[in-house]
Amino acid sequence: MATENPVESLQEEATCPICLEYFKAPVILDCGHNFCRLCVTQCWQGSDANFSCPQCREILQHRNFRPNRQLANVVELAKQLSLQAAKGAEGERVCETHGEELKLFCEEDQTPICLVCDRSKEHRPHTVVPVEEAAQEYKKKIQTHLKSLKKEREKLQEIKVTDTQRSWEHLKQTEAERLKIMFEFEQLHQFLREQERLLLAWLAELDQEIVKLQDENVTKLSKEISRLSEQISELEGKSRQPASEFLQDIRSTMNKFEEGKFQQRLEASSDLERSLSHFCQKNFAVKLTLNKLKDSLPLELKTGKGKSMGSDGKASVTLDQDTAHPRLLLSVDRKILTWDVIRLNLPEHPQRFDSSPCVLGCEGFITGRRCWEVENKSLVFLVN
């Protein structure tokens with residue numbers, strides 16, 4: 001395995017991972033990675049919180065970075081070593097065949113040659129120029145390519161910063177929606193828990209009342225049963241008496257047992273009937289309260305289905321992101337559509353519009369009359 005060049009390794013360590021050039025005013029983040037101060041500042045431009053490292057993507061709570069003076073010294077050392085290595089390489093370049101200094105450049109073979117090579121049969125018919133002149137000509141060509149590459153890199157860096165800022169904006173929107181949903185559902189849960197507590201307490205009170213009435217009725221019926229048992233025993237004993245004794249005071253005996261014959265029974269029956277009627281009334285009240293509570297809930301919570309049409313007659317259409325033109329930017333809930341000047345890097349899809357700024361809706365309609373309201377007339381909305 002070939003040994004790695006120490007100079008190249010040092011140059012790589014002294015290179016910024018963002019601009020791919022030597023560090024300029026290097027700074028170090030809390031995660032341990034180093035960048036040019038200007039590069040990391042441009043990456044974080046427009047962000048107020050949750051800054052991420054451009055290299056490892058670790059989320060940093062604060063916009064903290066410290067100057068790395070040791071790395072700045074290493075960068076200067078790398079520049080000097082690179083310059084010395086280049087000078088040493090230029091001084092050692094000689095013709096491998098003749099050992100002469102390479103002062104000429106062969107245009108046909110695109111290689112430096114010495115004066116002896118220029119007189120040889122191999123290069124005699126070729127166009128040859130001084131190596132300094134050829135170097136200047138090719139340096140101009142390289143500078144033109146470098147200028148073009150740097151412009152392209154700047155554009156890509158701008159797109160990268162724009163995409164990063166847009167992603168952070170989307171994350172902020174989703175976080176705000178998440179907190180809003182959690183807050184609203186917590187209020188709804190609290191309301192339902194309070195209603196559940198009230199209804200269960202009401203039913204518990206009703207249970208206690210029913211048990212109390214039941215115990216009272218059982219006590220009354222038990223007393224009536226004991227009284228009837230005593231009367232039965234008394235009448236049976238009376239019936240076993242001799243005829244002369246049996247008929248004595250027979251009228252008072254009959255009157256005694258005829259009076260209030262069904263009095264206690266009627267009272268016990270009336271109490272039980274009142275108890276059942278009271279129970280039915282309270283049970284009906286509980287059911288009525290539950291029905292009112294259900295009626296007050298949204299349609300989605302009662303049926304478990306999404307609401308496709310609002311009370312104002314407007315349909316809630318969710319846009320299909322797989323069909324949106326690359327310059328159409330959809331909101332998080334896919335309800336709002338905006339035109340973006342930058343063409344988004346979206347995955348290819350057979351239904352995606354490429355030439356026209358169009359997008360399809362996820363919901364479809366098969367009956368009824370419909371009309372559409374749009375703010376920007378240049379955008380076309382279709383329903384799938």
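Thr111 sits in strand 7, which covers residues 111–113. This is a predicted model, and in it Thr111 is partly exposed, with a relative accessible area of 28%. Setting aside neighbours within four places in sequence, Thr111 touches Leu104, Phe105 and Cys106. Val128 is 17 residues from Thr111 in sequence, and their C-alpha atoms are 9.9 Å apart in space.

**The chain as a whole**

- The chain has 384 residues, and 20% of them are buried.
- On the secondary-structure side, you get 9 helices and 12 strands.
- About 28,700 Å² of the chain is exposed, with carbon and sulfur atoms supplying 54% of that area.
- Take the contacts between residues at least 6 apart in sequence: 47% of them join residues at least 24 apart.

**A three-stranded sheet**

- An open sheet is built from 3 strands in the order 2-1-5, with antiparallel pairing.
- Strand 2 (34–36) and strand 5 (66–67) take the edges, and each has a single partner strand, so one side of each has no neighbour in the sheet.
- As a reminder, strands of a sheet pair through backbone hydrogen bonds, either parallel or antiparallel.
- Strand 1 (residues 26–28) pairs with strand 2 in the antiparallel sense, over 3 bridges.
- If you want a specific pair to look at, Ile28 has Asn34 in strand 2 as its bridge partner.

**Cysteines**

- How many disulfides does the structure hold? The count is 0.
- Cys36 is in no disulfide, and its nearest cysteine sulfur, that of Cys16, is 3.8 Å away. The cut-off for a disulfide is sulfur atoms within 2.5 Å, so the Cys36 and Cys16 sulfurs, 3.8 Å apart, do not count as one.
- Cys36 is buried, at a relative accessible area of 3%.
- Cys117 is also in no disulfide; here the nearest cysteine sulfur belongs to Cys114, 3.5 Å away.
- Cys117 has a relative accessible area of 9%, and because buried means under 20%, Cys117 falls in that class.

**Salt bridges**

- The structure holds 10 salt bridges. Those picked out below include two within helix 5 whose partners are about one helical turn apart.
- Arg178 and Glu175 meet through their side chains in a salt bridge, at 2.5 Å from N to O. These two are 3 residues apart in helix 5, so about one helical turn separates Arg178 from Glu175.
- Is Arg178 buried or partly exposed? Arg178 is partly exposed, with a relative accessible area of 43%. Glu175 is partly exposed too, at 36% relative accessibility.
- Arg197 and Glu194 make a salt bridge of 2.6 Å, N to O. Again, the residues are 3 apart in helix 5, which means a separation of about one helical turn between Arg197 and Glu194.
- Arg197 counts as partly exposed at 47% relative accessibility, and Glu194 does so at 36%.
- Away from those pairs, salt bridges with shared partners tie Glu21, Lys24 and Arg153 into one network.
- Glu186 and Arg193 form a salt bridge as well, with their closest N and O atoms 3.2 Å apart. Glu186 counts as partly exposed at 40% relative accessibility, and Arg193 is partly exposed with a relative accessible area of 44%.

**A nonpolar surface patch**

- Which residues form a nonpolar patch on the surface? They are Ile142, Leu146 and Leu149, with about 270 Å² of accessible area together.
- Leu149 belongs to helix 5, which runs over residues 131–239.
- Leu149 reaches 51% relative accessibility, and since exposed means over 50%, Leu149 counts as exposed.

Conventions:
Residues are numbered from 1 along each chain as its sequence is written. This is a predicted model: local features need pLDDT of at least 70, side-chain atom pairs count only at pLDDT 80 or more; totals for chains, interfaces and linings use all residues. Side-chain values use heavy atoms; hydrogens and water are left out. Patches are made of residues with over 30% relative accessible area and no salt bridge: like charges are joined within 9 Å, nonpolar side chains (Val, Leu, Ile, Met, Phe, Trp, Tyr) within 5 Å. Accessible areas come from the Shrake-Rupley method with a 1.4 Å probe; for residues, only the protein chains shown count as cover. A salt bridge is a side-chain nitrogen of Lys or Arg within 4 Å of a carboxyl oxygen of Asp or Glu. Helices (H or I, at least four residues) and strands (E, at least two) are DSSP runs, numbered from the N terminus. Buried means under 20% relative accessible area, exposed over 50%, partly exposed in between (1.4 Å probe, protein chains only). Two strands pair if DSSP finds at least two bridges between them. Contact means heavy atoms within 4.5 Å.
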